[in-house]
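Please look over the model below. A short report on its strands, its ligand site and its overall form follows.

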Amino acid sequence: MLPKIVAHRGFSAMYPESTHLAFEAGLKLPIHGVECDVRLTRDGRLVVFHDGLVDRTTDGMGRVSTMDSCDLRELNCGTDECPQQVMLLEELLELLQDYPDKHLYIETKHPTRYGPEVDEATFRALAYAGMLDSEQVAIISFSHKAVRYFTRMAPDLLTFYLFRVREAKWNPKSVMLSSPYGIGPGLTHVRQRPELIGKYGCPTYVWTVNEPKDMRWCAEHGIAAIATDHPQLALQTYAGLL
Ligand code: G3P
Ligand code: CA
């Protein structure tokens, strides 16, 4: 079985990351689905945004968590030719429903540092969309707390615990402190420690796999899914292995 392909922040090698354009382009490809990050604004709206600051990917400056959603949504996270508004998670869930065979991996950003609010807001958005038991949605997180929260509150959703290399400092034996459906080590980490694959008897999702040689390595090592900025390249690479 070849790894499933997940377009990281949408088809982000081709379109501005985390925009409607990038997600729709990813959802239109013959791949498994797309990945996104969610954060809370000051007024408690859940936006699809990777960085803590808006500076790198918009024409504005400031911190997402200290901005109101109406101000954030005034910014352009696309290009001059094709301006894009920062998406709300509810809008992305609506888009996903137009692609019923596709999947969305939602990463709740930094719930440990900022408390459970991001997870709770994600839960509410999924409940409102009627997707709490959707096979289309997976929750991914660097926080065991978040994995435990979704396991308890939405047991039908798939969850992935994301590993960081620096976790080895406080958890040298990589003891699993939650019960995720799968694990998600970074590419460098899993290439250094391939014993992580299968260590917990669950599927492995690897991020962010952008080079054909790494895509092939994942296929050779039984990785279940890869997140990539280059989903079309992954399709070509894997077509060459058939
Ligand atoms: O899919 C997991 C991966 O996205 C985690 O890293 O920084 O790209 O959110 P980051
Ligand atoms: Ca992410």
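In which sense do strand β6 and β7 pair, and over how many bridges? Strand β6 (residues 158-163) and β7 pair in the parallel sense, over 4 bridges. Two strands pair if DSSP finds at least two bridges between them. Within this pair, F160 stands opposite G182 in β7.

This is a predicted model, in which local features need pLDDT of at least 70, side-chain atom pairs count only at pLDDT 80 or more, and totals for chains, interfaces and linings use all residues. Residues are numbered from 1 along each chain as written, chains are lettered from A and ligands numbered from 1 in written order, and side-chain values use heavy atoms, without hydrogens and water.

Strand β7 covers residues 182-185. G182 and G184 are buried on one side, I183 and P185 on the other. Buried means under 20% relative accessible area (1.4 Å probe, protein chains only).

Now the ligand. Residues around ligand 1 include H8, H50, K109, Y205 and W207; each has a heavy atom within 4 Å of the ligand. The table gives polar contacts, pairs of N or O atoms within 3.5 Å.

| Side chain | Partner | Distance |
|---|---|---|
| R9 | oxygen atom of ligand 1 | 2.8 Å |
| D37 | oxygen atom of ligand 1 | 3.3 Å |
| E107 | oxygen atom of ligand 1 | 3.0 Å |

The protein covers 90% of the 290 Å² of accessible area that ligand 1 has on its own. That area comes from the Shrake-Rupley method with a 1.4 Å probe.

Last, the whole chain. Of its 242 residues, 54% count as buried. The C-alpha trace spans about 45 × 40 × 35 Å along its principal axes.

Technical notes: Buried means under 20% relative accessible area, exposed over 50%, partly exposed in between (1.4 Å probe, protein chains only). Helices (H or I, at least four residues) and strands (E, at least two) are DSSP runs, numbered from the N terminus. A polar contact is a pair of N or O atoms within 3.5 Å; within protein, one must be able to donate a hydrogen and the other to accept it, and residues adjacent in sequence count only if both atoms are side-chain atoms.
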